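This report looks at a few local features of one chain, taking a loop residue, the packing of some helices and a surface patch in turn.

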Amino acid sequence: MSVLKDLQDLVEANVITEDIANDIKGYYQTRNENPSNTNRLFIVFGILGAILVGLGIILIIAHNWDELSKPTKTFFAFLPLLIGQFLCGYTLFKKKENMTWRESTSTFLFFAVGASISLVSQIYNIPGDLSSFLLTWMLIILPIIYLMRSGSLSLLVIVGLTYYACESSYWSYPYEDLNWYWLLLVGVLPFYYLLLKNKTKSNFTIFHNWIIPLSLTIVLGTLAEKTDELMYVAYFSLFGIFYLIADLHLFHQIKVRFNGYKVIGSLGSLVLLFILSFDWFWEDLQRRDLSFERILSSQEFFVASILTLVAGGLLYFNLKNKRLSDIKPMAPLFLFFVLAFLLGISLPFSVILINIYVFVIGILTIREGSKRNHLGILNYGLIIITILVACRFFDTDLSFVIRGILFVSVGAGFFFANYLMLKKRKNEQ
């Protein structure tokens, strides 16, 4: 390394002492010998190689499948599973600290288990559907996550559980209860917590930061039954939970683009706000017969209440030591929407409140970007205002001249805001 080559010159120039030079050499030697610093590309290729080998074995067997006897078919059905178990056992005893071995063999075993279950079911005509197959597969694999300490296996299980939930409640009828999804997802969370605590900036941790909130966002909709309007409250609270989780101490060192909770929580809330800034939802809500008894007895009310309470607890925890001026407008958004929803059941002006809140979020975001001298945050606020203006373009009876003036004003605002920010930076330099 160039740093090590320059150490002697730095010592001779009296920039650093001999002891400091030795400490630097020792640091780099220790880092290079540490097995956790495995080449990332090697890990990726190891996982891809395991997937391709597993698929290759399945294709070779499938080519001559009809010509094989039942005992031979059974042998080949269990062969990938036996190979995967052998490789994982070898890794545990001989390559326990080698991440490439752990991840690649775990990935191979994941697909081997799925292949073995499906082949045995086909050979012996065991009845079942895709959702029961996926559930059985994930149940078998879940303990292996902790045995192998595999981040890729954890991600595959979360994706498999999400597919199982969609298959059971979105794509098939009659719908099934998803108690197993929630139970197994909770089973993955301790491993995810260990990743967050010990490997905050790991690629596997970053992927978990995106996959888990995406999975929850997709699956929450399966809980809708008859009072589906209440799911808007549930989703606002869920996105509020994501946004508030992103402000916890565990996520302070994670950049925004790697923090799926903040991105999904913020963008998800804004998308819902833009949708609800139109009249159609509130007009339909007032036409519905949403009696107090019907709301209280619905599953959606229970789900929305639990999520709102959790979001409220996180909000209190995050803000108890902060000043009122430090509160971001996205943080209490779920509470604002609960109020707007309750008012919107019988009163017509909730849509106005939604539009005002979106406008306030845009203005405060622009203000924050200006204070922090951050072009990204500044333009994010300007984009919020622009989308709001565009929504009102299709939703009002204003003349085309006035609409044109509004768009010209927003465009000019973009130009001058960025110009002033860049000029400010130049003056500071």
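## A loop residue

Arginine 149 sits in the loop that joins α6 (130-148) to α7 (151-169), in a model that is predicted. The phi angle of arginine 149 is near 55°, which is a positive value in a residue other than glycine. Because its relative accessibility is 33%, and partly exposed covers the range between under 20% for buried and over 50% for exposed, arginine 149 counts as partly exposed.

## Helix packing

Two packed helices are described by the angle between their axes and by the distance between those axes. For α6 and α8, the axes come within 10 Å and cross at roughly 15°, so that α6 is roughly parallel to α8. The crossing in which α6 passes α8 is left-handed.

Helix α8 (residues 179-198) also has an axis that comes within 11 Å of the axis of helix α9 (residues 203-220), and the two cross at roughly 160°. Since angles over 145 degrees count as roughly antiparallel, α8 is therefore roughly antiparallel to α9. The crossing of α8 and α9 is left-handed.

## A nonpolar surface patch

Leu347, Phe349, Ile352, Ile356, Val360 and Leu364 together make a nonpolar patch of about 470 Å² on the surface. One of these residues, leucine 364, lies in helix α16, which spans residues 350-371. With a relative accessibility of 34%, leucine 364 counts as partly exposed.

Technical notes:
Residues numbered from 1 in each chain as written. Predicted model: local features only at pLDDT ≥ 70, side-chain atom pairs only at ≥ 80, totals over all residues. Heavy atoms only, no water. Patch = residues over 30% accessible without salt bridge, like charges linked within 9 Å, V, L, I, M, F, W, Y side chains within 5 Å. Areas by Shrake-Rupley, 256 points an atom, 1.4 Å probe, with all protein chains shown as cover. Salt bridge = Lys/Arg side-chain N within 4 Å of Asp/Glu carboxyl O. Helix = DSSP H or I, 4+ residues; strand = E, 2+ residues; numbered from the N terminus. Buried < 20%, exposed > 50% of the residue type's maximum accessible area, 1.4 Å probe, protein only. Axes fitted to C-alpha atoms, helices over the stretch in contact; angles between N-to-C directions. Parallel < 35°, antiparallel > 145°, perpendicular 65-115°, else oblique. Left-handed = near helix turned anticlockwise from the far one by under 90°.
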